[in-house]
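Here are my notes on this one, as numbered points. Have the structure open while you go through them.

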Amino acid sequence: MRASDADRDATAERLATALAEGRLDLPEYERRLDAAMAAVHIGDLRRLTADLPEPPPAPVPAEERPVAVAAGAGEAASPWKEWVDEWRWWMGGAVIMTGIWGVTSIMGGTLLPFWPLVPLGIWAAILVAAAIWPDESSGHRR
């Protein structure tokens with residue numbers, strides 16, 4: 001069966017997770033990411049992640065949980081959890097953008113300017129601003 005863009009993106013995300021967990025080193029990650037982006041068939045993508053553990057099941061969103069669980073059922077949610085999760089997304093973006101920068105630098109034969117600094121800096125500034133000035137109207141408190 002032919003692979004879709006969504007299949008390639010899911011494989012790239014799984015590889016980025018493996019890199020962040022220390023299961024892959026950067027050269028191996030870049031090699032597999034290049035192969036994933038060039039993959040034509042689902043089997044090609046499966047071979048790239050065959051030696052990696054299965055990702056944990058996705059958590060059920062709060063609005064889909066039973067009322068007793070959504071209300072807390074004795075659990076106190078950390079006000080920092082959402083903010084920390086956003087930084088995890090930032091880190092994933094940083095790994096992917098740095099990988100792209102590294103691959104293009106290697107392919108170009110010269111060290112290119114570190115362009116990921118611009119989007120990552122803006123993204124980080126927004127996250128820091130959200131911690132300093134939380135959005136009271138959305139009910140998110142940090």
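1. Let's begin with the lining of the largest pocket: helix 1 and helix 5 (81–108) each put in at least two residues. Helix 5 is the main contributor, with nine residues. Bear in mind throughout that this is a predicted model.

2. How big is that pocket? Its volume comes out at about 1,000 Å³. The lining runs to 27 residues, and the ones closest to the pocket centre are E13, T17, E21, R88 and W89.

3. What is the chemical make-up of the pocket lining by class? Nonpolar residues account for 15 of the lining, charged residues for nine, and polar residues for three.

4. Now the packing. The largest nonpolar core holds 16 residues, and L15, L24, Y29, A36, L45 and L52 have the most contacts inside it. Three elements give two or more residues to this core: helix 1 (5–20), helix 2 (26–38) and helix 3 (42–49). Which of them gives the most? That's helix 1, with five residues. As background, nonpolar side chains in soluble globular proteins tend to be buried together.

5. L52 deserves a look of its own, being among the core residues with the most contacts inside the core. Setting aside anything up to four places away in sequence, L52 touches L15, A18 and L24, and also three arginines, R14, R23 and R32.

6. There's also a second core, separate from the one above, made up of seven residues. W83, W90, L120 and A124 are among them.

7. Is T49 buried or exposed? This threonine sits in helix 3, and it counts as buried because its relative accessibility is 8%, below the 20% cut-off. Beyond its neighbours within four places in sequence, T49 is in contact with T11, R14 and L15. Two of those, R14 and L15, turn up in the list for L52 as well.

8. Last, a glycine to check: G102, which lies in helix 5. Why does G102 count as buried? Its relative accessible area is 12%, and buried means under 20%, so G102 falls on that side of the cut-off. If you want a distance to click on, take G102 and L112: they are ten residues apart in sequence, with their C-alpha atoms 8.4 Å apart in space.

How values were computed:
Residues are numbered from 1 along each chain as its sequence is written. This is a predicted model: local features need pLDDT of at least 70, side-chain atom pairs count only at pLDDT 80 or more; totals for chains, interfaces and linings use all residues. Side-chain values use heavy atoms; hydrogens and water are left out. A nonpolar core is a set of buried Ala, Val, Leu, Ile, Met, Phe, Trp, Tyr and Cys residues joined through side-chain atoms within 4.5 Å. Buried means under 20% relative accessible area, exposed over 50%, partly exposed in between (1.4 Å probe, protein chains only). Helices (H or I, at least four residues) and strands (E, at least two) are DSSP runs, numbered from the N terminus. Contact means heavy atoms within 4.5 Å. On a 1 Å grid over the protein atoms alone, a cavity is a set of points where a 1.4 Å probe fits but cannot get out, and a pocket is an open set with protein on both sides within 12 Å along at least five of seven lines; lining residues have an atom within 4 Å of a point. Grid points are joined across faces, edges and corners, and a volume is the space filled by probe spheres set on the points. Ala, Val, Leu, Ile, Met, Phe, Trp, Tyr, Cys and Pro count as nonpolar, Asp, Glu, Lys and Arg as charged, and the others, Gly among them, as polar.
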